[in-house]
Amino acid sequence: MGGHNISFSGMGIYEADGSETQRVGIPIDIKVNYEIEDFVNKKDPILERAIKFAETDE
């Protein structure tokens with residue numbers, strides 16, 4: 001009805017060591033604080049930190 005198709009995979013997502021991420025989550029390895037001021041000033045500290053990591057591997 002309506003010409004829409006929906007599909008999904010039942011395959012699991014695993015960490016490099018074989019442990020599951022489903023129902024467990026992915027551990028945070030870089031902590032970034034996000035403050036109300038960031039939202040008000042239209043800043044995205046998470047994106048900024050990701051860019052820094054991509055550029056410097058720090």
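**Notebook: a salt bridge, a buried threonine and a nonpolar patch**

I searched the whole structure for salt bridges and found one. I note at the outset that this is a predicted model, and I keep that in mind for each entry below.

**Entry on the salt bridge.** Which residue does R23 pair with? I found that R23 forms the salt bridge with E20, and that the closest N and O atoms of the pair are 3.4 Å apart. I then looked up how open each partner is: R23 has a relative accessibility of 77%, which is over 50%, so I wrote it down as exposed. E20 has a relative accessible area of 37%, so I entered E20 as partly exposed, since that value falls between 20% and 50%.

**Entry on T21.** I next turned to T21, which I located in the segment before α1, the helix of residues 36-40. Is T21 buried or exposed? I read a relative accessibility of 11% for T21, and because buried means under 20%, T21 counts as buried. Leaving aside the neighbours within four places in sequence, I listed I13, Y14, E15 and I26 as the residues in contact with T21. Among these, I looked again at I13, and noted that its backbone oxygen lies 2.9 Å from a polar atom of the T21 side chain.

**Entry on the nonpolar patch.** Which residues make the nonpolar surface patch? I wrote down Y34, I36, F39, V40 and I46, which together make a patch of about 580 Å². I saw that the largest share of this patch, three residues, comes from α1. I checked two members of the patch separately: F39 has its place in helix α1, and its relative accessible area is 60%, so F39 is exposed. V40 is also found in helix α1, and at 58% relative accessibility I counted V40 as exposed. I also looked up how far V40 is from A16, and the C-alpha atoms of these two residues, 24 residues apart along the chain, are separated by 38 Å.

**Entry on helix α2.** Finally I looked at helix α2, which covers residues 45-56 and has 12 residues. What span should I expect for it? At 1.5 Å a residue, and counting one less than the number of residues, the expected span is 16 Å, and the end C-alpha atoms of α2 are 16 Å apart, so the two values agree. Just after α2 I came to D57, and I noted that D57 takes a positive phi of about 60°.

Key: Residues are numbered from 1 along each chain as its sequence is written. This is a predicted model: local features need pLDDT of at least 70, side-chain atom pairs count only at pLDDT 80 or more; totals for chains, interfaces and linings use all residues. Side-chain values use heavy atoms; hydrogens and water are left out. Helices (H or I, at least four residues) and strands (E, at least two) are DSSP runs, numbered from the N terminus. Buried means under 20% relative accessible area, exposed over 50%, partly exposed in between (1.4 Å probe, protein chains only). A polar contact is a pair of N or O atoms within 3.5 Å; within protein, one must be able to donate a hydrogen and the other to accept it, and residues adjacent in sequence count only if both atoms are side-chain atoms. Contact means heavy atoms within 4.5 Å. Patches are made of residues with over 30% relative accessible area and no salt bridge: like charges are joined within 9 Å, nonpolar side chains (Val, Leu, Ile, Met, Phe, Trp, Tyr) within 5 Å. Accessible areas come from the Shrake-Rupley method with a 1.4 Å probe; for residues, only the protein chains shown count as cover. A salt bridge is a side-chain nitrogen of Lys or Arg within 4 Å of a carboxyl oxygen of Asp or Glu.
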